[in-house]
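Here is a friendly note to read alongside the model. Please keep the viewer open and look up each residue as you meet it.

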Amino acid sequence: METKLNVTLIQHTPEPEKLVAAAAKLCYSHAGATEIMDNLTPENVDRFLNRLMDMGHASPIEHASFTFAIEGVSRAMTHQLVRHRMASFSQKSQRYVTEGQFSYVVPYEIAAIPEAKEEYIRAMENAQKSYDSIAEKLIAAHKAELMAEGIDEKKAASMAEKQGIEDARFVLPNACETKIVVTMNVRELLHFFNQRCCMRAQWEIRACAVAMLRECRRVAPILFKNAGPRCVEGPCPEGSMSCGRAKEVRETFKVL
């Protein structure tokens, strides 16, 4: 069963821009810890944060964080996502959750060629059949062993299922759909968007990053006003590997 990307901002630091402004205020004024939230009107926050972001003073922005629920993505994509180590992740487990009729992501290039898509879907269906068959055989064997050890049938069945799907999952493809909760602070998010909104990023993680950036800008437009691939703020750093579309990309992220 095909699936589609869905990114939801499920939580964030309350008033993230005001908090960052307060943290930065402590760096630049004589205000004490109990006074840093004083006189931070929306106008003051707007003025101070714009100056802060243009200066590139990054440490205060680490105090605000955003948490996303991401679904409809492939295991291939989340293998890339979890490389961003300054973040927290909680992912659907294939050890504890059975993949009965798993969903999967179909790459655009495959979907564009009917014959390729047909073969791809057949491969997914075959993987499901193999997973189900292997899991069934493993579960039956484990259950028999556990009952022979004197464990009652209900408990043995529960334990056997976990043992069976733990090994059966090895046959599942990278295309298998997964769900993940991700938390990053603003500094890490800006780095993530630098890397993953780039046209040279893999298409699935780029689509996810762009969707995450839209959510961030809705809540904190000043903090994320310059967010996006690195060519948004300056020249493309990719050299001969550049996509050659920096001007177009800048215009896209201005109105994202």
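The numbered points below go from the whole chain to single residues.

1. **Ground rules.** This is a predicted model, in which local features need pLDDT of at least 70 and side-chain atom pairs count only at pLDDT 80 or more, while totals for chains, interfaces and linings use all residues. Residues are numbered from 1 along each chain as its sequence is written, and side-chain values use heavy atoms, with hydrogens and water left out.

2. **The parts list.** You will find nine helices and four strands in the chain. Helices (H or I, at least four residues) and strands (E, at least two) are DSSP runs, numbered from the N terminus. Walking along the sequence, you meet them in the order β-α-α-β-α-β-α-α-α-β-α-α-α. The chain is more spread out than a compact globule, because its radius of gyration is 24 Å, well over the 18 Å that the globule rule gives for 256 residues. That radius is taken over C-alpha atoms, and the rule is 2.2 Å times the number of residues to the power 0.38. Along the principal axes, the C-alpha atoms fill a box of roughly 75 × 50 × 25 Å.

3. **Inside and outside.** Of the 256 residues in the chain, 40% are buried. Buried means under 20% relative accessible area, exposed means over 50%, and partly exposed is in between (1.4 Å probe, protein chains only). The chain exposes about 14300 Å², and carbon and sulfur atoms supply 52% of this area. Accessible areas come from the Shrake-Rupley method with a 1.4 Å probe; for residues, only the protein chains shown count as cover.

4. **Contacts and charges.** Among contacts between residues at least 6 apart in sequence, 76% join residues at least 24 apart. Contact here means heavy atoms within 4.5 Å. The chain has 33 positive and 33 negative charges, and their mean positions are 5 Å apart. Lys and Arg count as positive and Asp and Glu as negative, with His and the chain ends not counted. Each charge is placed at NZ of Lys, CZ of Arg, CG of Asp or CD of Glu.

5. **How the strands pair.** Which strands does β2 pair with? Strand β1 (residues 6–12) is one partner, antiparallel over six bridges, and strand β4 (residues 177–185) is another, antiparallel over eight bridges. Two strands pair if DSSP finds at least two bridges between them. Try finding Thr67 in β2: it is the bridge partner of Gln11, and it also has Thr183 in β4 as a bridge partner. Strand β3 joins β4 in the antiparallel sense over four bridges, with Gln91 partnered by Ile180 in β4.

6. **Is β2 enclosed or open?** Strand β2 (residues 65–74) is largely enclosed by the rest of the structure, because seven of its ten residues are buried. As background, side chains in a regular strand alternate between the two faces of the sheet.

7. **Met77.** This residue lies in helix α3 (residues 75–81). Is Met77 buried or exposed? Met77 counts as buried because its relative accessibility is 0%. Leaving out residues up to four places away in sequence, Met77 touches Glu204, Ile205 and Cys208. Met77 and Glu177 are 100 residues apart along the chain, yet their C-alpha atoms are separated by 9.6 Å.

8. **Arg206.** Look next at helix α8 (residues 203–219), where Arg206 lies. Beyond residues up to four places away in sequence, Arg206 touches Arg196, Cys197, Cys198, Met199 and Ala201. The C-alpha atoms of Arg206 and Ile70 are separated by 13 Å, with their positions 136 residues apart along the chain.

9. **Glu62.** You will find Glu62 in the loop between α2 (42–55) and β2. Glu62 is partly exposed, because its relative accessible area is 36%. Apart from neighbours within four places in sequence, Glu62 is in contact with Asn185 and Arg187. Glu62 and Ala23 are 39 residues apart in sequence and 9.6 Å apart from C-alpha to C-alpha.

10. **Two backbone angles to check.** Most residues other than glycine have a negative phi, and most peptide bonds are trans. Glu15 has a positive phi, near 45°. Glu15 sits in the loop between β1 and α1 (16–28) and counts as exposed, at 53% relative accessibility. Gln101 also has a positive phi, near 55°, and lies in the loop between β3 (88–91) and α4 (108–111).
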